[in-house]
Amino acid sequence: MQAWWTELAPLTQAFYGCAVFFTLLFLWQFITTLMGLGDSADVMDHDDFSANDAGPDVDNSPYDHGTATFQLLSLRSIIAFGMLFGWAGALYLDSGHSTEDSVLRGLIWGGAGMVLVAYFFYKVQQLSESHNRNLSSCIGNEGEVYIDIPENGAGQIRVMESGAVNYISARSKDGQPIQNKTPVRVLRTLDITTVEVEPIQS
């Protein structure tokens, strides 16, 4: 193994290093998501590319009526890009392609992976929102703000609903803004997709 590695060109080593690093991140994120422990990954995702960062006011955005948005730039899609870019670049170099060709093909594979992952999670969000919700089941439950709740606007919280963790559109009780990661309690439902919350005082 060591001999194989030392015989590789520095660029090939860089491609393999990139591939392994992002593959480990991808597996970690995938496993934690399956186990329902994807808190850190999701938060990182939101922190880097929140709905507010994207520009539109939440009041006038689809977040008022649902949360499914196609988000090409996210932590998940960047990890997918790095993973496929690394593997494609390394394998094409190993198979005798030129450096320029390998980098170009790696970019194409990485870009395709980025789009596919973004589309996959977009469809998952849509499916999640389309099932019949019973928001009344989460009244009184404690959750956490996932997307900032702006002043007199709607954000998103993560909370237990009907025995499962869900992401629900939420507004604050008094119209005051509530920041991401703030613990909140669900007070009542406002409509079929939105609940009213208040911060939990520590």
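**Entry 1: β3 and β5**

I looked up Arg171 and found that it stands opposite Glu196 in β5. The model I am working from is predicted. I then checked how β3 and β5 run relative to each other: they pair in the parallel sense, over four bridges. Strand β5 covers residues 194–199.

**Entry 2: β2 and β3**

Next I took the pairing of β2 with β3. Strand β2 spans residues 154–161 and strand β3 spans residues 164–172. Their pairing is antiparallel and runs over eight bridges. As one position in it I noted Met160, which stands opposite Val165 in β3.

How many residues lie between β2 and β3 in the hairpin? I count two, and I noted that Ser162 in the turn has a positive phi of about 55°.

**Entry 3: β1 and β2**

I moved to strand β1, residues 142–147, which pairs with β2 in the antiparallel sense over three bridges. For Glu144 I looked up the bridge partner in β2 and found Arg158.

**Entry 4: the barrel**

I put the strands together. Five strands close into a barrel, in the order β1-β2-β3-β5-β4. I recorded the pairing as mixed; β2 with β3 is antiparallel, while β3 with β5 is parallel. On average, neighbouring strands of this sheet are turned by 55° against each other, with direction ignored.

**Entry 5: the whole chain**

I listed the secondary structure: the protein has five helices and five strands. Along the sequence the pattern reads α-α-α-α-α-β-β-β-β-β.

I noted 202 residues in the protein, with buried residues making up 38% of them. Among contacts with a separation of 6 or more, 64% are between residues 24 or more positions apart. The accessible surface comes to about 11,100 Å², and 62% of that belongs to carbon and sulfur atoms.

**Entry 6: the nonpolar patch**

I turned to the surface and found a nonpolar patch formed by Val20, Leu24, Leu27, Phe30, Ile31, Leu34, Met35, Trp87 and Leu91. Together these residues have about 890 Å² of accessible area. The elements giving two or more residues to the patch are α2 (10–34) and α4 (75–94).

Which element gives the largest share of the patch? It is α2, with six residues.

I picked Leu27, found in helix α2, for a closer look. Is Leu27 partly exposed or buried? Its relative accessibility is 41%, so I entered Leu27 as partly exposed; that class lies between the cut-offs of under 20% for buried and over 50% for exposed.

How values were computed: Residues are numbered from 1 along each chain as its sequence is written. This is a predicted model: local features need pLDDT of at least 70, side-chain atom pairs count only at pLDDT 80 or more; totals for chains, interfaces and linings use all residues. Side-chain values use heavy atoms; hydrogens and water are left out. Patches are made of residues with over 30% relative accessible area and no salt bridge: like charges are joined within 9 Å, nonpolar side chains (Val, Leu, Ile, Met, Phe, Trp, Tyr) within 5 Å. Accessible areas come from the Shrake-Rupley method with a 1.4 Å probe; for residues, only the protein chains shown count as cover. A salt bridge is a side-chain nitrogen of Lys or Arg within 4 Å of a carboxyl oxygen of Asp or Glu. Buried means under 20% relative accessible area, exposed over 50%, partly exposed in between (1.4 Å probe, protein chains only). Two strands pair if DSSP finds at least two bridges between them. Contact means heavy atoms within 4.5 Å. Axes are lines fitted to C-alpha atoms, for helices over the stretch in contact, and angles run from 0 to 180 degrees between N-to-C directions.
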